[in-house]
Amino acid sequence: MLRRRPTIITAALGAALALALSACGGTPTQSPGQGGASQSAAGGAQDVADGAIGKIFNPSDKKGGTLKMANTADWDSLDPGNTYYGYALNFARLYGRALLMFKSAPGAEGNTLVPDLAESLGKSSDDLKTWTYTLRKGVKFEDGTPVTSKDVAYAVARSYDKEVFPNGPTYLMALLNWPKDYKGALKDKDADISSAIETPDDQTIVFKLKEPFGLFDYIVQMPMTMPVPQAKDTGTKYQEHVISTGPYKFEKNEIGKGFTLVRNDQWDPATDPNRPALPDRIEVQTKVNADDLDNRIISGDVHVAVDGLGVSAAALPKILGDPAQQARTDNPTQQRTWYTSVIPDVPPLDNIECRKAVQFAADRSSLQRAWGGETGGVVATGLIPPSMAGYKEIATYKTDGDKGDVEKAKQALAACGQPNGFETNISYRTERTKEKAAAESLQQSLARVGIKLTLKPYPQDDYFALYAGKPAYVKENKIGLAVNGWGADYPDTYGFLQAIVDSRDIRAAGNYNLSVKIPEVDKMIDQIKGEADATKRGEMWSQVDQRVMEEAVVLPNVYAKALFLRGKGLTNVFVSDSQAMYDYVGLGVQQ
C-alpha cells in the first residue's frame with residue numbers, strides 16, 4: 001500500500017474550499033433558480049443542478065480512494081507531444097507539468113495562467129520576440145532524475161515532427177525561428193536549434209520567435225512543454241509509458257483497454273502549489289459503450305466520463321425526466337462550436353455553388369436536436385462562440401426557423417451544374433453518438449434537394465491522423481463533409497480560430513482543418529497578430545469568420561453546451577472555463 005502524503009491544498013483551491021465550507025456549514029446550499037435538489041446517494045453534499053458551475057460542489061480536502069473514469073474511445077495519445085483533445089490536455093496535468101498551467105479553479109478564475117514547472121510567467125523582450133522562463137528547483141522525473149531546461153527544449157523539439165507526432169498543436173512549429181528544413185529532434189538529433197530555443201543553464205529556457213507574439217504564455221501551458229528525458233524517448237512507443245513529472249505516474253497502460261495511475265513518490269508538493277492530488281489511484285477504462293457509460297455513472301460504478309462531451313442522446317430523457325438524476329447535472333455553456341467541414345477538394349464541392357446548396361439545404365433546427373436540443377447548444381451562424389471577441393451573428397445562410405431553404409438550395413445546385421443533386425460521403429467519430437445524429441440529420445435534410453450522403457464512421461483516436469484529417473485519404477475516399485468541433489485552447493480568439501482556418505498549418509496528416517484554404521484569411525491572421533488593440537483584433541476576427549462563411553467551406557451547427565452528470569461520491573467538483581468541463585486536477589473521492 002502506498003504511504004499517504006500529508007494533506008496539501010493549492011492556495012487557489014484551498015481558498016475556494018474554505019469559502020464554500022464556511023458559507024454552508026460544510027455543505028453547499030442550492031442557488032436560486034437552479035431547479036430541484038436531492039440528497040446524494042453517497043451521503044455527501046446535497047445534489048443540486050448546476051451545483052458545480054461557478055463554484056465547488058462537495059468541497060473536501062481529504063486524500064485517498066480511487067477515482068474511476070471511462071472514455072468511449074481510446075486516447076489519441078498519452079504522449080504529451082502528440083495529443084490535442086481537450087479532455088486529454090485536461091487529464092495530462094495529472095502526470096505531466098508544463099511551464100505554465102491554468103489555475104485549477106471554478107468558472108472564469110480557471111482561465112488565469114499560473115506558473116507550473118516555471119517559477120513565474122514568461123519574461124519577454126521589448127519586441128515580444130524572445131521569451132525566457134526559469135524552472136523551479138527540485139522538480140524530478142518519476143525515476144528521481146532532476147528535470148532540466150534541456151528536457152523541456154527536447155520535448156518541444158521532438159513535437160515538431162508531425163510525421164511521428166501528427167496529433168499535437170502546431171503553434172510552436174509556426175512561431176519559433178527553427179533552422180531551415182528542420183525535421184524534429186528524432187530525425188535531426190544533432191541539429192543546432194539555438195535560433196529557436198536556447199538553454200543557457202539547467203534552469204533557464206529561452207524561446208526565440210520569428211515575429212512578435214504577445215500571447216506566448218498561453219502557448220507554453222500546453223503539454224508539448226512537459227519535459228521528456230531524451231534517453232528514455234521511444235518515439236511512437238513513448239505513449240506506452242510516459243515518464244511522469246506530475247503527482248501521478250503510470251502503474252500500467254494497456255493501449256485500447258485502459259490504464260492506471262498511482263502516486264508518484266518523486267513528486268514534491270513543495271514545488272507544486274497547483275495540484276491537491278487527492279485520490280490515491282486513478283483508473284481509466286477506454287472504448288466503453290456510450291450508453292453503458294451513462295448508466296454506469298448513474299449507478300455509481302464510474303465517477304467521470306473523461307471525454308467531457310456530456311451524456312449521450314439516448315440518456316437525456318432518462319436523466320432529465322428524473323428529478324434525482326437531473327439534480328446531479330451541470331449544463332455549462334462552452335467556448336466550443338460544433339460544425340461540419342465542407343471540403344472543397346472533393347468534387348463537386350470544389351464549386352462554391354454546390355457548397356452553398358449544402359448550406360441552404362441543411363435543417364439547422366434538426367441539427368440542434370441532434371446535439372441534444374437546448375442542453376446541447378444554440379444554433380450557430382459562424383465559427384466564433386458568443387463569449388469570444390469577434391462574435392457576431394452572420395446572416396449569410398440564415399433561413400426562417402433555421403429549417404433551411406429548399407428553393408435556394410435547388411437554385412445553387414442548378415448554378416453548379418448539378419440540378420438533380422450529387423453524391424458524397426460524410427465522416428464522423430464512431431464513438432460519438434451525437435456526431436452520428438448530426439450526420440444523419442444532414443443526410444435527411446440534404447436528401448430533400450437530391451444530395452445523397454453516405455455515412456462514414458471512423459475511430460476517434462485516429463480520426464484526424466488517419467482519416468478525416470489526412471488530405472490524401474479524404475480525396476481518395478470522397479469525404480466531402482466531415483463532422484467536427486473545436487474548443488478554445490485559451491481565452492483569446494487566436495487560441496480558438498487560428499488552428500481551424502489557417503491553411504498554412506495543413507500537413508500530410510493530423511489536420512483539424514482541411515476545408516478552409518483562403519489566402520486572404522491567412523493574410524488577415526498575420527495582420528491580427530501584429531495588432532495591439534484588442535477591440536480592433538475582435539473586429540478583424542469577425543471579418544475572418546464572415547469571409548469563411550462566404551466561401552461556404554464550414555457549416556456551423558451549434559455553439560456548444562454540454563450536460564455533465566456528476567458521479568456519486570465525487571468531491572471538489574467544478575467546471576473550469578479553461579477546460580470547458582470538470583477540472584480533473586481538483587477532483588477527489590469520498591471514502
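Q: What makes Ser-365 of helix H10 count as buried in this predicted model?
A: Ser-365 is found in helix H10, residues 364–370. Its relative accessibility is 11%, and buried means under 20%. Ser-365 therefore counts as buried.

Q: Which residues does Ser-365 touch, not counting residues up to four places away in sequence?
A: Ser-365 touches Gly-401, Asp-402 and Lys-403. Contact here means heavy atoms within 4.5 Å. Ser-441 is 76 residues from Ser-365 in sequence, and the two are 9.6 Å apart in space, C-alpha to C-alpha.

Q: What joins the side chains of Ser-365 and Asp-363?
A: The side chains are joined by a polar contact of 2.5 Å; the cut-off for such a pair of N or O atoms is 3.5 Å.

Q: How do you know that Cys-354 and Cys-416 form a disulfide?
A: Their sulfur atoms are 2.1 Å apart, and a disulfide is a pair of cysteine sulfur atoms within 2.5 Å. The structure holds one disulfide.

Q: Why is the disulfide of Cys-354 and Cys-416 called right-handed?
A: The torsion about its S-S bond is about 75°, so the disulfide is right-handed.

Q: What does the pair of Cys-354 and Cys-416 tie together?
A: Cys-354 lies in helix H9 (residues 352–361), whereas Cys-416 lies in the loop between helix H11 (406–415) and strand S17 (423–429), so the pair ties together parts that are 62 residues apart in sequence. Both Cys-354 and Cys-416 are buried.

Q: How do you know that the buried residues Ala-409, Ala-412 and Leu-413 lie on the same side of H11?
A: Ala-409, Ala-412 and Leu-413 are buried in H11. They cover an arc of only 100° around the axis, which puts them on the same side of H11. What covers the buried residues of H11 includes H9. On the other side of H11, Gln-411 and Ala-415 are exposed.

Q: What is found at the start of H11 and just after H11?
A: At the start, a side-chain oxygen of Asp-405 reaches to within 3.2 Å of the backbone nitrogen of Glu-407. Just after H11, Gly-417 takes a positive phi of about 80°.

Q: Why are H16 and H17 called roughly antiparallel?
A: The axes of helix H16 (residues 519–529) and helix H17 (residues 534–550) cross at roughly 170° and come within 10 Å. Angles over 145 degrees count as roughly antiparallel, and H16 and H17 are therefore roughly antiparallel to each other. Residues of H16 including Val-521, Met-524 and Ile-528 meet residues of H17, among them Met-540, Trp-541 and Val-544.

Definitions and conventions:
Residues numbered from 1 in each chain as written. Predicted model: local features only at pLDDT ≥ 70, side-chain atom pairs only at ≥ 80, totals over all residues. Heavy atoms only, no water. Helix = DSSP H or I, 4+ residues; strand = E, 2+ residues; numbered from the N terminus. Buried < 20%, exposed > 50% of the residue type's maximum accessible area, 1.4 Å probe, protein only. Arc of directions from axis to C-beta. Polar contact = N/O pair within 3.5 Å; in protein donor to acceptor, adjacent residues only side chain to side chain. Axes fitted to C-alpha atoms, helices over the stretch in contact; angles between N-to-C directions. Parallel < 35°, antiparallel > 145°, perpendicular 65-115°, else oblique.
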